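Here is a walk through one protein chain, taken a region at a time. Keep the structure in view as you read.

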Amino acid sequence: MATPGAYQEHLPAVPSWLNKGDNAWQITASTLVGLQSMPGLVILYASIVKKKWAVNSAFMALYAFAAVLICWVLVCYRMAFGDQLFPFWGKGSPALGQNYLIRRAAVPESTHYYENGSIETAMIEPFYPMASLVYFQFNFAAITMILLAGSVLGRMNIRAWMAFVPLWLIFSYTVGAFSLWGGGFLFHWGVIDYSGGYVIHLSSGIAGFTAAYWVGPRLRSDRERFPPNNILLMLAGAGLLWMGWSGFNGGAPYAANIDASIAVLNTNICAATSLLVWTSLDVVFFGKPSVIGAVQGMMTGLVCITPGAGVVQSWAAIVMGMLSGSIPWFSMMILHKKSSLLQKVDDTLGVFHTHAVAGLLGGLLTGLLAEPTLCRLILPVTNTRGAFYGGNGGVQFLKQLVAALFVIGWNIVSTTLILLAIKLFMPLRMPDDELMIGDDAVHGEEAYALWGDGEKYDPTKHGWHASSYGEDAGQTRFVNGAARGVTINL
């Protein structure tokens with residue numbers, strides 16, 4: 001039977017190795033992950049913070065998304081997925097050349113060998129061009145950086161943040177990515193991090209907490225009262241984050257295969273379970289369900305399932321959801337209030353609890369619940385299994401623990417050194433006079449075109465600039481600083 005024309009080789013745009021379905025899914029998954037950041041987390045951050053910090057919080061996320069992409073293609077992609085420089089780091093070089101981007105995708109250090117030197121698992125070579133893989137992995141790097149920003153919202157000097165983003169990407173993120181995904185020592189040791197429980201969430205939670213310590217706290221008034229300025233819009237951002245996670249975990253196998261299907265189902269099961277458990281605990285202990293709490297529960301469920309989404313059974317996803325909805329809840333609501341260290345560090349959005357605690361929990365639970373048949377579908381070490389399934393599963397749990405300690409240690413040290421280096425050139429924290437005002441002092445912009453609280457309409461401040469239209473225009477439109485027409489008393 002003849003091969004349908006759509007699947008035939010048509011050089012040069014459709015070489016024999018190109019699988020159009022895999023390529024289409026990988027680009028789609030990349031876009032879904034990108035939507036989690038821009039606009040997902042941009043909207044969520046702008047909405048969940050105090051009104052005076054809406055613009056600054058959104059801009060920190062927006063800047064990180066753009067800056068990470070340029071750094072990624074200039075040097076960072078190949079530090080994370082290129083040829084080995086050290087067992088934990090790749091050789092940095094650009095991923096911009098035409099010849100590099102149109103060839104078949106490959107992770108050169110991913111060939112895994114038995115002890116006798118024979119090949120156990122062949123090199124990762126997806127059936128699409130390198131350009132698809134570079135873009136997919138960029139979105140993971142970008143969201144890691146934006147999640148980290150959640151710890152320092154509402155006080156970090158924007159210039160310090162602009163310097164911090166490329167430095168942390170180079171000296172922290174690429175190390176974790178190469179070690180666990182790019183063919184580094186943890187990859188070949190058999191540590192399971194299916195889609196970033198350690199590379200993304202544990203690292204962003206620990207680095208964010210460390211950064212919050214060095215940057216310093218918000219103003220006392222902001223720490224004591226920091227209400228979200230738009231809960232409904234916050235839910236829109238959270239919805240983009242949840243739905244985008246299908247690309248996050250569904251794209252991790254680098255193919256539109258059965259493991260991707262398992263991962264997408266497990267992701268949504270765990271998130272829903274975690275949200276319901278977190279909300280139930282809020283009702284039991286505080287008497288009413290919290291929308292912000294539901295979003296936190298959703299987040300911890302998504303984070304917890306990520307390191308094992310494609311290698312655990314769906315009943316295990318429910319178990320992981322129950323634990324991710326309760327253990328991070330306890331650490332945030334109970335332990336945080338009793339710990340002097342956690343009280344001292346001003347982690348604005350609780351990224352330590354929602355990402356570091358949930359990511360560590362997910363990695364360790366994967367070491368217990370990873371199912372052998374599912375592991376064989378994707379992992380380089382073919383006899384991998386969780387401790388629940390006997391055999392060498394106990395060793396797997398220890399591997400998960402050691403890898404977590406490496407990620408924690410590296411992020412504490414690298415984040416500290418980067419911030420101390422930046423501090424030599426500029427302050428890490430905004431001055432108090434800017435912290436009192438917020439967006440208008442930092443950016444000269446405000447999130448909402450509303451005025452009240454005794455403030456009069458000022459045409460030079462609220463959008464009508466006499467210099468742009470001539471003095472006559474300004475005088476005819478406004479009388480004594482008030483707009484002609486309908487007057488609305490706010």
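C71 is buried, because its relative accessible area is 16%, under the 20% that marks the limit for a buried residue. The model is a predicted one. Which cysteine sulfur is nearest to that of C71? The sulfur of C76 is, at 5.6 Å. A disulfide needs two cysteine sulfur atoms within 2.5 Å. By that rule the chain has zero disulfides, and C71 is in none.

C375 is another cysteine to look at. Its closest cysteine sulfur belongs to C304 and lies 16 Å away, so the two are too far apart for a bond. C375 has a relative accessibility of 0%, so C375 counts as buried.

Now for the wider view. The UniProt record, in an unreviewed entry, lists residues 24-448 as "domain: Ammonium transporter AmtB-like". Over residues 24-448 the chain is 68% helix and 2% strand. The end C-alpha atoms of that stretch are 39 Å apart.

Next comes the nonpolar interior. The largest nonpolar core holds 110 residues. Which of them touch the most other members? They are Y45, W72, W161, F164 and Y173. Helix α2, residues 54-81, gives the most to this core, with 16 residues. Apart from this core lies another, of 19 residues. Among its members are A252, I305, V311 and C375. The buried cysteine C375 is thus part of a core.

Take Y45 from the largest core. Leaving out neighbours within four places in sequence, Y45 is in contact with S57, A61, I146, L147, A149, G150, L153 and L349.

Helix α1 covers residues 20-48 and includes P39. A cis peptide bond joins M38 to P39. Its omega is about 20°.

Move on to helix α4, residues 130-149. It has 20 residues and spans 29 Å from first C-alpha to last. That is close to the 28 Å expected at 1.5 Å a residue. Is α4 mostly covered or mostly uncovered? It is mostly covered, with 18 of its 20 residues buried.

Two residues of α4 deserve a stop. One is Q137. Its relative accessibility is 2%, so Q137 counts as buried. Beyond residues up to four places away in sequence, Q137 touches W72, Y77, F81, W181 and Y254. W72 is also among the core residues that touch the most other members.

The other is L148, also in helix α4. At 0% relative accessibility, L148 is buried too. L148 touches W161, F164, W168, S204, A207 and G208, again setting aside residues up to four places away. W161 and F164 are familiar from the largest core. G244 sits 96 residues from L148 along the chain, and their C-alpha atoms are separated by 18 Å.

Helix α5 comes next, with 23 residues at positions 158-180. From its first C-alpha to its last it reaches 31 Å, close to the 33 Å expected at 1.5 Å a residue. Where does α5 bend? It bends at L169, by about 40°. α5 is mostly covered, with 17 of its 23 residues buried.

Go back to Y254, one of the contacts of Q137. Y254 lies in the loop between α9 (231-250) and α10 (258-286). Its phi is positive, about 65°, although Y254 is not a glycine. Y254 has a relative accessible area of 11%, so Y254 is buried.

Two more residues finish the tour. H336 belongs to helix α13, residues 327-338. Leaving aside neighbours within four places in sequence, H336 is in contact with S331, L342, Q343 and H353. G350 is 14 residues from H336 along the chain, and their C-alpha atoms are 9.6 Å apart.

L361 lies in helix α15, residues 351-369. With a relative accessible area of 13%, L361 is buried. Outside neighbours within four places in sequence, L361 is in contact with C304, L323, S324, I327 and P328. C304 holds the cysteine sulfur closest to that of C375. L11 is far off: L361 and L11 are 350 residues apart in sequence and 48 Å apart in space, C-alpha to C-alpha.

Note on methods:
Residues numbered from 1 in each chain as written. Predicted model: local features only at pLDDT ≥ 70, side-chain atom pairs only at ≥ 80, totals over all residues. Heavy atoms only, no water. Helix = DSSP H or I, 4+ residues; strand = E, 2+ residues; numbered from the N terminus. Contact = heavy atoms within 4.5 Å. UniProt positions renumbered as here; feature names shortened; annotations may be inferred. Buried < 20%, exposed > 50% of the residue type's maximum accessible area, 1.4 Å probe, protein only. Core = buried A, V, L, I, M, F, W, Y, C linked by side-chain atoms within 4.5 Å. Expected span 1.5 Å × (residues − 1). Bend = angle between axes of the 7 residues up to and from the residue.
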